[in-house]
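These are my notebook entries on a structure that I went through chain by chain, and then at a few chosen places.

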Amino acid sequence: MSGEALLELRGVSVTFDGFRAINDLSLSLRQGEMRAIVGPNGAGKTTMMDIITGKTRPDTGVVRFAGHDLTKRDEAAIARLGIGRKFQKPTVFEALSVRDNLLLSLKGLRSPFALLLARETAEEAGRIDALLGITRLAPHARVQAGGLSHGQKQWLEIGMLLGQEPQLLLVDEPVAGMTDAETMATADLLRDINRTRSVVVVEHDMEFVRALGVGVTVLHEGSVLAEGALEAVSADPRVIDVYLGR
Amino acid sequence: MTGEFAFRGVVRTAAAVLVVAALLALGSLLPASNPLSVSPFVVTLAGKYLAYAMLALAVDLVWGFVGILTLGHAAFFALGGYAMGMYLVREIGARGVYGNPDLPDFMVFLSWKSLPWYWWGSDHVLVAAVLVLAVPGALAALFGWLAFRSRVGGVYLSIITQALTYALMLAFFQNGLGFGGNNGLTDFKDVLGFDLHQPGTRAGLLIISALVLAGAMLATRALVGGRFGRLLIAVRDAQSRTRFLGYRPDQVKLLVWVASALIAAVGGALYVLQVGIINPGEFAPANSIESVIWVAVGGRGTLSGAVIGAVLVNLGKTLFTAWLPELWLYGLGALFIATTLFLPQGLVGLGRHINRRRDEVTPEVTRPAGDAA
Amino acid sequence: MSDRRRRIALLALLGVALAGAPAPSRAQTVDAAPPVAAAADPYAGLTSPHFEAIAAAVGRLGTEGAPQAQAVLRALSAHHLFVAEDGGLYVREGESWTDARTGAPVTSAPAGVRAVRENNRVRGALAQAMAGQALLAGDAAARRDAAARLADHPDPAMLPVVDRALATPHEAGLEAPLRRARAAMLLSPGAPATGEQAQSAAVRVLRDAGGLDARAVLARFAADETAPAEARQAAQSAIVTIDRRIRLWSLAQQVFYGLSLGSVLLLAAMGLAITFGVMGIINMAHGELVMLGAYTTYLTQKTLMAVAPGLAAFSLPLAVPAAFLVCGAAGMLIERGLIRFLYGRPLETLLATWGLSLVLQQAVRSLFGPTNVAVATPGWLAGSFQLGGLTVTLDRFAIMLFAGAVMGAVFLVLRRTALGLQMRAVTQNRRMAALMGIRTARVDALTFGLGSGVAGLAGVAVSQIDNVSPNLGQGYIIDSFLVVVFGGVGNLWGTLAAAMTLGVGGKALEPLVGAVSGKILLLVLVILFIQRHPRGMFPLRGRGVES
């Protein structure tokens with residue numbers, strides 16, 4: 001155990017119209033850890049992300065991040081604490097250029113009044129160029145983001161996440177719709193990111209999870225079914241049961 | 001590049017507004033015998049169009065750049081107009097029908113004995129100027145704060161903006177509110193000692209309107225052009241994404257919403273100065289919706305488009321209602337339908353499209369990707 | 001069209017006249033035979049120039065009667081009673097004259113006639129006297145009316161008449177008003193001394209009867225210092241009881257008005273609850289569909305008047321399916337011709353349908369003119385009935401029932417039919433529905449048609465209580481949207497609750513701050529509510545719900 005928990009969920013439950021989306025969920029992530037979350041559709045993976053990022057308030061339970069209570073904060077405050085989120089469907093600002101997308105993501109100015117007078121500094125330009133390099137989007141810097149390919153949008157969004165310089169990245173199905181080569185490149189990128197930041201990846205693609213080579217948490221019906229190394233978890237009869245159907 | 005292109009468009013349109021206004025103003029000062037003479041009626045009409053253009057600019061700022069479809073912006077326009085109207089009514093002084101030096105005619109008629117408290121100070125031009133901005137601004141701030149904080153958006157916001165202006169219309173129709181009921185405020189005589197009926201005053205007001213409009217266009221352009229403008233587009237197209245980046249779209253929207261209300265309010269004040277009357281009809285929901293179609297026709301999300309749309313549609317309305325009054329509503333209705341179906345980028349978008357096909361190097365238009373829900 | 005209204009009014013008048021006519025003729029045939037009493041002339045007072053004397057004579061005719069009393073009173077009330085120079089009393093019917101005292105026809109017109117003098121006092125006495133006469137000689141309905149009148153205007157002089165009526169066999173319905181009249185008379189000034197017990201009993205009768213008239217009698221009695229203290233005390237507490245009851249009933253009345261207003265809102269909003277709530281389409285021309293429904297009602301009525309005037313009274317039941325079909329068809333046309341090109345662009349849909357609403361308004365204005373058209377209310381919807389202390393007007397009541405029926409029908413369609421199932425499937429997951437073989441385009445058109453048809457039904461109802469003009473729809477659109485949003489989009493029960501809340505709330509505010517200010521206040525409250533709870537009173541929650 002290297003250090004104490006960066007992110008901790010304890011006894012979290014949330015109900016939508018009588019349907020228990022998350023049921024007494026507990027989960028803990030160490031500083032610098034990368035974790036893969038898997039589970040069938042409706043297991044509560046996205047709702048869990050919603051709870052961590054402040055989009056959904058849990059009915060009960062504790063959600064803490066680096067000593068802060070997340071249930072009392074809204075999305076913007078949580079993002080400013082250092083949690084970045086990548087959506088399943090790539091969401092970038094399509095009407096803006098790739099460069100402007102990254103500029104908006106840069107950690108720093110967030111107040112609208114400050115932005116009114118802000119000009120891009122040389123330091124910011126340097127950071128943007130670095131991000132363009134990491135995401136291999138330098139040739140497309142001035143293209144409207146709406147014109148990028150699906151995979152490029154995924155990468156742009158990851159770039160924006162890095163621009164935020166978060167302590168923790170939540171990544172929702174980053175390789176959905178990617179080619180094999182893109183998938184492997186993404187796994188490399190995430191491992192690279194994990195050198196400096198903690199990462200939670202929600203993913204269906206077992207090959208990708210294997211490529212990441214990290215600990216796995218299996219969610220089922222809103223709670224943790226199994227946790228551990230991929231080999232151990234995939235041998236667990238309960239997991240097999242859930243994945244192969246009853 | 002995109003920014004510079006749009007910036008040039010705004011400057012060009014603003015310059016055109018100034019030149020045309022100056023020509024009309026000069027023409028109105030020529031003797032009627034001169035073939036280049038312009039009738040005072042045309043000067044008033046032009047002034048009215050420019051006031052409407054301010055309203056269109058305000059609507060475009062929130063709809064085109066932050067995705068808030070307001071159906072109640074005429075409320076801010078009318079409130080600004082009423083604030084100016086209060087001052088102009090007080091300027092009448094003892095020259096009213098009842099000759100009461102302290103009370104406007106309609107209050108004498110209602111046999112009120114003294115001015116209501118909210119009329120205090122309305123005879124000072126500076127107070128009037130503050131009221132023109134403060135009242136609509138405060139209402140917009142309160143309304144926006146409540147709405148954006150609770151994340152009321154999309155059509156819900158549209159519906160309650162409409163309800164807001166409707167409620168204000170009902171309220172201003174009430175005699176007891178102290179703003180002249182049905183008739184509103186009218187019969188103005190002069191402003192700062194200048195006779196409102198003199199061609200010189202009218203020409204001057206037209207020039208002032210053009211200057212204010214041009215200034216508002218450039219200021220708006222500065223607002224939407226820089227880094228803040230990028231954030232606006234981001235909020236318009238993917239509001240929740242900006243939250244996860246750590247921005248608060250509600251604050252952004254509130255700031256733009258209030259700025260927009262202020263522009264509309266100034267437009268309303270200019271309108272009253274030149275048209276010479278303000279009544280509760282200006283609050284009618286239909287007016288607000290009409291101002292949206294000006295923007296749609298001109299080109300949503302382009303500042304020049306808002307101005308061009310307001311002037312063109314109102315010019316059309318003037319001509320139509322003079323020649324074929326019964327056909328105007330068909331025309332306006334068809335305009336709504338045709339614009340949304342066939343001209344989603346408006347005239348400016350159409351112009352750029354043609355330009356682009358002629359010259360492929362021209363950069364893309366920042367087009368709204370969809371409606372921020 | 002006002003012509004037709006006038007004709008209807010004339011017909012109604014004629015009906016009343018005809019109903020009233022047989023009574024005098026019967027009275028004449030019965031009363032013609034008996035000989036004239038020679039002793040005291042009961043009619044002498046009528047010839048006097050003094051109002052006092054005339055009123056007294058009228059009063060005596062009422063209580064004591066006389067052979068020709070009823071005919072004379074009737075003639076007096078119709079201003080047909082004349083005094084001749086010689087003191088003769090004559091009734092003029094058109095050009096012919098009869099001797100009032102005998103009822104015998106007079107061949108030549110009497111000389112120097114003047115009308116018997118009248119003032120309010122005489123007219124009051126006359127009304128009383130006629131009530132007394134009616135009580136003793138009228139038919140059942142006339143007797144009930146007469147008893148009610150005597151109770152509301154108690155005159156102790158009429159006590160013998162009431163006692164006589166009570167003593168003779170009478171129908172059950174007459175007992176209560178007679179008892180009430182008797183009690184009121186006993187407590188009125190000038191009543192014969194009956195003792196405290198009788199008075200206390202009378203107080204109880206009036207307390208149980210309630211109403212403003214009984215309250216007035218009790219108040220006068222309680223203030224009368226000559227009356228026994230205990231009975232006065234009882235009267236005082238009876239007033240408190242009555243006041244409480246009156247307040248309760250007036251509250252109930254306000255609630256009834258509120259519910260009736262709510263029903264209109266519900267009808268207007270229900271179509272939107274389908275098109276906006278279920279499909280998510282912002283149809284700003286919704287109000288114009290309501291307007292089309294009202295004009296369809298008008299046309300149905302007009303056509304029926306021309307084709308089969310006898311059936312005109314049934315034009316409303318015919319207008320219901322007609323309006324549904326017309327507006328439903330119009331709705332499907334709008335969906336296929338305009339809205340389907342704008343799916344996924346709600347704000348553009350809003351603008352386009354607003355444009356359409358302008359076109360529809362102008363089209364109706366061109367066809368039917370800019371002014372109101374008259375839609376008649378059939379006889380069976382006119383009038384009102386009492387429910388305890390509640391006055392229930394039939395048209396409002398019918399609209400409440402109608403709104404309930406329409407709501408039930410919409411529920412059935414959405415919950416119990418294949419179409420309803422497909423609608424819900426398409427709105428929840430369009431792609432999946434399409435994959436399962438549902439023709440989504442057809443379902444879209446039908447759903448929008450259903451919502452529009454329901455708007456047409458609202459138009460039928462609205463035509464009965466509002467001006468039917470091209471601007472009709474404008475008055476409903478904002479309210480309808482507020483109802484749907486306030487109740488929670490996609491929730492029909494929420495729409496019902498919102499409509500009734502707004503209706504009752506509006507009527508509750510009305511007496512406090514006035515109608516317009518009440519409306520403004522309500523709008524502001526709803527705006528504030530929606531700003532606080534954007535999903536309305538009954539929100540749908542869930543992961544899929546995105547702002």
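**Entry 1, chain A.** I began with the secondary structure of chain A in this predicted model, and I found ten helices and ten strands. I then looked up the radius of gyration, which is 18 Å for chain A, close to the 18 Å that the globule rule gives for 246 residues, so chain A is as compact as a globular protein of that length. Along the principal axes, the C-alpha atoms of chain A fill a box of roughly 55 × 40 × 40 Å.

For burial, I noted that 54% of the 246 residues of chain A count as buried. Of the contacts in chain A with a separation of 6 or more, 67% are accounted for by residues 24 or more positions apart. The accessible surface of chain A comes to about 10,400 Å², and carbon and sulfur atoms hold 52% of that surface. I also looked up the charges: chain A carries 28 positive and 32 negative side chains, and the centres of these two sets lie 4 Å apart.

**Entry 2, chain B as a whole.** I went through chain B in a similar order, and its secondary structure comes to 14 helices and four strands. A compact globule of 373 residues would have a radius of gyration near 21 Å, and the 21 Å that I noted for chain B agrees with this. The box filled by the C-alpha atoms of chain B, taken along the principal axes, is roughly 65 × 55 × 40 Å.

Buried residues make up 57% of the 373 residues in chain B, and among its contacts between residues at least 6 apart in sequence, 77% join residues at least 24 apart. Chain B exposes about 14,400 Å², of which carbon and sulfur atoms supply 68%. The mean positions of its 25 positive and 18 negative charges are 10 Å apart.

**Entry 3, annotated spans of chain B.** Which residues of chain B does the UniProt annotation "transmembrane region" cover? I read from the unreviewed entry that they are residues 9–29, 49–82, 126–148, 155–173, 203–224, 254–273, 293–315 and 327–348. I looked at two of these spans in the model, beginning with residues 9–29 of chain B, whose end C-alpha atoms lie 31 Å apart and which are 100% helix and 0% strand. For residues 293–315 of chain B, I noted 83% helix and 0% strand, with the end C-alpha atoms 14 Å apart.

**Entry 4, positive phi values.** I looked up B:Arg151, whose phi is near 60 degrees, a positive value in a residue other than glycine. B:Arg151 is placed in the loop between helix H5 (125–149) and helix H6 (154–173) of chain B, and with a relative accessible area of 30% it is partly exposed.

In chain C, I noted that phi of C:His79 is near 60 degrees, a positive value in a residue other than glycine. The loop that holds C:His79 runs between helix H4 (69–77) and strand E1 (81–83) of chain C.

**Entry 5, C:Asn372.** Where in chain C is C:Asn372 placed? I found C:Asn372 in the loop between helix H14 (346–368) and strand E6 (384–387), and at 43% relative accessibility it counts as partly exposed. Leaving aside neighbours within four places in sequence, C:Asn372 is in contact with C:Asn467, C:Val468 and C:Ser469. I also looked up C:Ile465, which is 93 residues from C:Asn372 in sequence and 13 Å from it in space, C-alpha to C-alpha.

Definitions and conventions. Residues are numbered from 1 along each chain as its sequence is written. Chains are lettered from A and ligands numbered from 1 in the order in which they are written. This is a predicted model: local features need pLDDT of at least 70, side-chain atom pairs count only at pLDDT 80 or more; totals for chains, interfaces and linings use all residues. Side-chain values use heavy atoms; hydrogens and water are left out. The radius of gyration is taken over C-alpha atoms; the globule rule is 2.2 Å times the number of residues to the power 0.38. Buried means under 20% relative accessible area, exposed over 50%, partly exposed in between (1.4 Å probe, protein chains only). Contact means heavy atoms within 4.5 Å. Accessible areas come from the Shrake-Rupley method with a 1.4 Å probe; for residues, only the protein chains shown count as cover. Lys and Arg count as positive and Asp and Glu as negative; His and the chain ends are not counted. The place of a charge is taken as NZ of Lys, CZ of Arg, CG of Asp or CD of Glu. UniProt positions are given in the numbering used here, feature names are shortened, and annotations may be inferred rather than shown by experiment.
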